[in-house]
Amino acid sequence: MTDVSISRPVPQDLLVVLRHPPHGTHWLREGLDVALVAAAFGQRVGLLFQGDGIYALLKGQQAGALGQKGTHSQLAMLEMYDIETLWVSARGLNERGLSTDDLMLPVVPLEASAVTELLQRHPHTLIF
Amino acid sequence: MATMTARTLMVDGHPVALDPEGYLVSLDDWSERVAEALAADEGRELTPDHWEVIWVLRDFYRRFETAPAMRPLVKAVKQALGEEKGNSIHLMRLFPDSPAKVGARLAGLPKPTNCL
Amino acid sequence: MMLHLLNRSPRSTATYQDLSEAFGSGDHLLLIEDACYAAQVSASAVLEPFGGRVSVLQEDLVSRGLAARIDPSVGVIDMNGFLALTETHERCVSWF
């Protein structure tokens with residue numbers, strides 16, 4: 001089981017919700033690019049990983065077939081852009097049989113009610 | 001994605017292809033001699049202060065497969081070389097105009113994408 | 001108060017699930033494009049998490065031949081109604 005945070009999440013300037021897994025489509029990369037651009041311009045950015053977007057955080061990822069770049073190096077780079085506020089849907093984690101130990105970055109798991117609150121409290125939200 | 005060769009720079013008798021913005025068409029072409037030639041071509045001279053930032057840039061690309069925008073470049077330089085050098089004033093002095101873009105060009109990286 | 005736009009058919013259960021997690025008590029859901037299929041009487045269970053605060057875009061359901069199949073609990077709105085919703089809600093997000 002995963003510990004669920006009891007402290008209230010601190011809203012950032014922009015919330016980017018990532019719902020798509022790596023490799024299959026460009027959605028994850030697009031979402032991460034938006035987050036990186038916003039951070040490069042000094043915006044405080046938070047990321048919420050929901051649904052299959054949680055797989056973006058799975059340890060042990062590599063480049064795809066034909067040497068296609070993965071998104072794991074983009075994730076590793078988040079820290080360099082001062083994007084260190086990462087939330088993950090606790091339900092999404094449990095449904096996928098994952099715990100925070102399976103993930104490559106430190107994240108704060110959120111119950112469904114906290115996910116709702118997260119969107120309510122952010123001035124800007126983009127969903128990918 | 002094929003990059004168009006806009007012109008060729010001769011380095012020690014070997015042609016090095018550059019794209020329309022002066023970045024290497026093939027990143028494998030990079031060497032210290034190529035960096036010096038690129039700098040000379042832009043009217044810049046590389047000092048040890050430049051070189052240590054170039055190595056930070058190349059290390060960043062090796063780790064993250066992306067050339068850094070200004071903000072992460074400052075952070076990477078700070079981590080590698082300390083507070084005194086990890087600031088935008090120092091980097092602007094070394095690479096006037098746009099440290100992230102000029103630095104990436106001289107370090108043989110692609111153009112930074114998260115940097116307008 | 002947020003307006004959520006959804007354009008996926010009810011077969012895209014993951015999208016409905018992620019949206020339901022984010023849906024607040026003062027929020028409203030507007031079904032557009034392929035999400036119109038969720039407004040049918042036969043599919044209404046997928047809309048349960050949204051507490052009746054659901055509308056469907058008329059032109060998209062008409063073009064899909066669904067006009068006579070819509071669950072009465074789902075409000076049918078036209079483009080002006082869509083515009084009105086964007087005016088009465090602070091923010092708008094899209095789910096796809």
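## Strand pairing in chain A

Two strands pair if DSSP finds at least two bridges between them. In this predicted model, three bridges join β3(A) to strand β4 (residues 108-110) of chain A, and these two strands run parallel. Within that pairing, Trp87(A) stands opposite Val108(A) of β4(A).

On another pairing of β3(A), residues 85-89 of chain A, the partner is strand β2 of chain A, residues 45-49. Four bridges join β2(A) and β3(A), again in parallel. Here Phe49(A) stands opposite Val88(A), a residue of β3(A).

## Crossovers in chain A

Helices link the paired strands of chain A in β-α-β units. One unit is made of β2(A), α2(A) and β3(A), and its hand is right-handed. Another right-handed unit consists of β3(A), helix α3 (residues 90-95) of chain A and β4(A). Strand β3(A) therefore belongs to both units under the strand and helix numbering used here.

## Contact between the chains

How many residues does each chain give to the contact? Chain A supplies twelve residues and chain B supplies 13 residues. On the side of chain A that touches chain B, the elements that give two or more residues are α1 (27-40) and α2 (72-77) of chain A. The largest share of that side, five residues, comes from α1(A).

By residue class, the side of chain A that touches chain B divides into eight nonpolar, two polar and two charged residues. Helix α2(A), which gives two or more residues to this side, is also the helix of the right-handed unit with β2(A) and β3(A).

## Domains of chain B

The domain assignment of chain B gives domain 1, covering 7-41, and domain 2, covering 48-106. The centres of domain 1 and domain 2 of chain B, taken over C-alpha atoms, are separated by 19 Å.

## Helix packing in chain B

Helix α2 (residues 48-64) of chain B packs against helix α5 (residues 99-106) of chain B at an angle of about 85°. The axes of α2(B) and α5(B) are 9 Å apart. Because angles of 65 to 115 degrees count as roughly perpendicular, α2(B) is roughly perpendicular to α5(B).

Which residues meet where α2(B) packs on α5(B)? From α2(B) come Val53(B), Ile54(B) and Leu57(B), and they meet Gly103(B), Ala104(B) and Leu106(B) of α5(B). The residues of this contact divide into five nonpolar, one polar and no charged.

Methods. Residues are numbered from 1 along each chain as its sequence is written. Chains are lettered from A and ligands numbered from 1 in the order in which they are written. This is a predicted model: local features need pLDDT of at least 70, side-chain atom pairs count only at pLDDT 80 or more; totals for chains, interfaces and linings use all residues. Two residues are in contact if their C-beta atoms, placed from the backbone, lie within 7 Å. Ala, Val, Leu, Ile, Met, Phe, Trp, Tyr, Cys and Pro count as nonpolar, Asp, Glu, Lys and Arg as charged, and the others, Gly among them, as polar. A crossover is right-handed if, with the strands pointing away from the viewer, the path from the first strand over the helix to the second runs clockwise. Domain bounds come from an automatic or database domain assignment. Axes are lines fitted to C-alpha atoms, for helices over the stretch in contact, and angles run from 0 to 180 degrees between N-to-C directions. Angles under 35 degrees count as roughly parallel, over 145 as roughly antiparallel, 65 to 115 as roughly perpendicular and the rest as oblique.
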